[in-house]
Amino acid sequence: MRATPVNHLEILEAEAVHIIREAVAELERPVLLFSGGKDSVVLLHLAGKAFWPGPVPFPLLHVDTGHNFPEVLAFRDELVGRLGLRLLVARVQDYIDDGRLLERPDGTRNPLQTQPLLDAIADHRFDAVFGGGRRDEEKARAKERVISLRDEFGQWNPRNQRPELWDLYNPRHRPGEHVRVFPLSNWTELDVWRYIAAEGIELPGLYYAHDREVFDRDGMWLAVGPYSAPREGESARTLRVRYRTVGDMSCTGAVASSAADVDAVLAEVAATRITERGATRADDRLTEAAMEDRKKEGYF
Amino acid sequence: MSTLTTTPTAPTLLRLATAGSVDDGKSTLVGRLLHDSKSVLADQLAAVERVSRAKGLGHVDLALLTDGLRAEREQGITIDVAYRYFATPTRTFILADCPGHVQYTRNTVTGSSTADVLVLLVDVRTGVLEQTRRHLAVAALLRVPSVVVAVNKVDLVDYAEAPYAAVAAELAGVAAELGIATVHTLPVCALSGDNVVTRSGRTPWYDGPSLLELLEAVPGASEPTDGFRFPVQLTLRPQEAARDPRHVEYRGYAGRVSAGSVRVGDEVVVLPEGVRTRVAGIDLAGRELEAASAGQSVSLRLADPVDAARGELISSVADAPAPVTEVDAMVCWLAERPLAPGARVLLKHGTRTVQARVGELLAGLDLDRMAPVELERLALNDIGRVRIRLAAPILAEDYTVSRRGGSFLLVDPQTQGTLAAGMIRGHTVFGNDFEPAAGWEI
């Protein structure tokens with residue numbers, strides 16, 4: 001007799017729960033990187049399942065660029081309060097204010113997140129850092145392990161990664177090192193949306209179609225707001241848009257969309273012809289290897 | 001509450017690994033598979049077109065789709081296993097793309113360890129190379145359930161049947177030698193897409209399925225279905241921290257079913273202690289299940305107040321594995337530093353990590369001849385048979401019977417790095433005069 005087959009979403013869920021439990025069982029001080037974006041919301045949902053009926057046994061860490069969408073911060077605080085979790089915030093703004101980091105000429109703050117992230121990991125001696133990264137997002141991520149070792153400088157060495165065999169993970173590390181743990185490694189954008197629909201997971205409203213004042217920069221719709229405004233030659237207009245990713249408001253683009261609920265978004269994602277990051281992240285367009293370079297330095 | 005119900009139309013998941021020798025067109029085949037199954041999006045394709053033009057190529061080089069890192073693009077090589085995702089209406093695929101030339105054993109062993117299917121590329125003009133034999137040997141050693149060989153570049157032999165048929169016959173011979181039950185072969189031209197996603201009109205003498213059709217049809221994961229195995233990851237005992245006051249007394253054992261299935265009411269045994277009890281409940285985060293089967297992450301409630309901790313195994317009773325403190329195993333050495341005689345290591349089996357000492361190296365394995373060979377020591381990419389003594393018992397199973405129950409890692413207690421991947425060859429302490437199912441006698 002064959003065992004009951006389980007469909008691919010159930011397998012992805014079971015795999016993620018297994019990974020989360022392994023890292024927590026083997027390491028001392030886990031933390032979950034939480035931005036309020038859909039991948040971190042799904043990751044938190046899975047952590048909730050992994051430890052049910054107990055609470056999620058680790059805090060959340062938000063590396064705050066200071067360029068957030070206000071509705072995402074509100075969503076973050078409401079969710080954290082409802083689940084009774086501890087939220088730590090590492091602020092890029094603090095680093096700019098006291099001169100440890102310099103604002104970039106292009107105003108983009110995503111690359112500036114690395115230092116506050118590494119400092120927070122060191123200060124709190126976190127040794128297992130959960131992230132919502134997926135291998136389908138980007139070609140450097142396609143080569144990263146589920147449990148990925150970082151040296152004492154937080155660096156990723158793509159040429160010397162631990163082999164990962166069967167479902168036996170090795171999260172052990174020397175003092176000062178830590179591991180990044182990516183339970184959603186094998187999920188695609190479509191899987192994440194299917195799971196959100198199947199589980200009825202709540203997201204910040206900007207993932208669904210809404211009217212917003214935007215302007216066109218390099219073929220991307222950026223929101224008009226405190227951190228980004230049209231320059232000369234760029235003009236603002238109101239469009240029906242939604243966001244496929246949520247990050248630094250100054251470099252995260254919206255897409256024109258009328259998908260107002262999860263089923264409509266699912267249909268749209270299934271039919272899309274542009275990758276999530278290609279459509280919405282100016283910082284990944286910097287160079288062919290932008291993500292690879294940032295990861296080596298210790299980025300998410 | 002979960003609504004992830006299994007319906008007949010829900011896609012299933014297949015994990016495949018690709019391997020091949022240098023210049024056999026593997027990256028092109030993978031690129032073609034992604035492209036023709038419409039898994040490549042417009043901006044990715046535009047980037048590849050741009051780079052192809054910049055390199056002065058007359059065609060769009062689909063191999064560029066799978067080159068990930070800057071060093072790889074600059075040197076035109078593939079450094080490490082990369083993972084790709086594509087889907088059809090009936091199946092979603094996780095593809096581990098294993099480079100052929102650099103550290104082929106380490107990479108192919110890694111990719112094969114999770115694969116349901118190995119897709120191997122062979123150039124129709126060169127036929128079975130040494131490296132082809134090694135890849136097939138690794139697939140046999142790692143017990144990959146299905147092997148598909150795409151015989152590539154049939155355009156370069158004018159789509160003629162005879163050269164393909166010769167290679168296919170040679171492959172069948174090698175597979176039989178290695179004890180691989182079935183090898184599916186098919187003629188393809190990755191560059192133009194013949195028989196990759198759609199069947200080609202240029203090979204009328206081949207009436208079988210395209211590669212993608214084949215991948216949609218092969219059976220998925222195959223852990224044994226009798227013999228329930230549940231390595232305990234964690235004890236869930238929230239007490240006052242419970243999210244709901246009704247659960248302050250809750251005590252469950254969290255884990256992933258590694259083989260077989262279990263139903264509420266089944267008798268089980270907690271190993272290595274050997275305490276027997278019954279399954280009182282199966283929980284999937286607040287949803288009560290009647291049964292759970294291989295691959296599912298759940299928590300089990302037991303009828304008696306048994307103290308099952310991480311590293312213990314909840315098993316069906318009749319066929320429960322015996323605790324052993326010595327194993328006879330094939331190990332693939334994955335670390336730069338060679339195995340030192342008598343090395344003290346950590347051994348991770350399931351959720352159990354024990355101290356261990358690697359004893360004598362009984363023999364090395366020559367992948368080219370699939371025969372024992374004398375080796376002084378095990379170095380990076382070597383495979384050999386060793387005896388390992390354990391400071392505490394593990395619940396070992398034969399790898400040929402269960403990939404999950406028979407696999408382990410060796411970990412360096414100083415660097416904490418992964419040293420080796422191991423496969424258990426039967427039991428050596430509590431008898432069970434086990435002989436592997438097919439030809440691995442060395």
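Leaving aside its neighbours within four places in sequence, which residues is B:Val147 in contact with? In this predicted model, the partners of B:Val147 beyond that window are B:Leu118, B:Leu120, B:Leu136, B:Ala139, B:Ile180 and B:Val183.

B:Val147 also turns up in a wider setting. The largest nonpolar core holds 197 residues, and B:Val147 is among the members that touch the most others. B:Leu118, one of the partners of B:Val147, is in that group too, together with B:Ala150, B:Val151, B:Val188 and, from the other chain, A:Leu32. The element giving the largest share of this core is α1(A), with 10 residues.

Now for the place where the chains meet. Here 54 residues of chain A are in contact with 62 residues of chain B. On the chain A side, two or more residues each come from α1 (8-26), α2 (38-51) and α6 (189-199). Helix α1(A) leads again here, as its 11 residues are the largest share of that side. The table sorts the chain A side by residue class.

| Class on the chain A side touching chain B | Count |
|---|---|
| Nonpolar | 23 residues |
| Polar | 13 residues |
| Charged | 18 residues |

Finally, a look at chain B as a whole. Its secondary structure comprises 7 helices and 22 strands. Of its 442 residues, 50% are buried. Among contacts in chain B with a separation of 6 or more, 70% link residues 24 or more positions apart.

Conventions. Residues are numbered from 1 along each chain as its sequence is written. Chains are lettered from A and ligands numbered from 1 in the order in which they are written. This is a predicted model: local features need pLDDT of at least 70, side-chain atom pairs count only at pLDDT 80 or more; totals for chains, interfaces and linings use all residues. Two residues are in contact if their C-beta atoms, placed from the backbone, lie within 7 Å. Helices (H or I, at least four residues) and strands (E, at least two) are DSSP runs, numbered from the N terminus. Ala, Val, Leu, Ile, Met, Phe, Trp, Tyr, Cys and Pro count as nonpolar, Asp, Glu, Lys and Arg as charged, and the others, Gly among them, as polar. A nonpolar core is a set of buried Ala, Val, Leu, Ile, Met, Phe, Trp, Tyr and Cys residues joined through C-beta atoms within 7 Å. A residue is buried if 20 or more other C-beta atoms lie within 10 Å of its own, exposed if 12 or fewer, and partly exposed in between; C-beta atoms are placed from the backbone.
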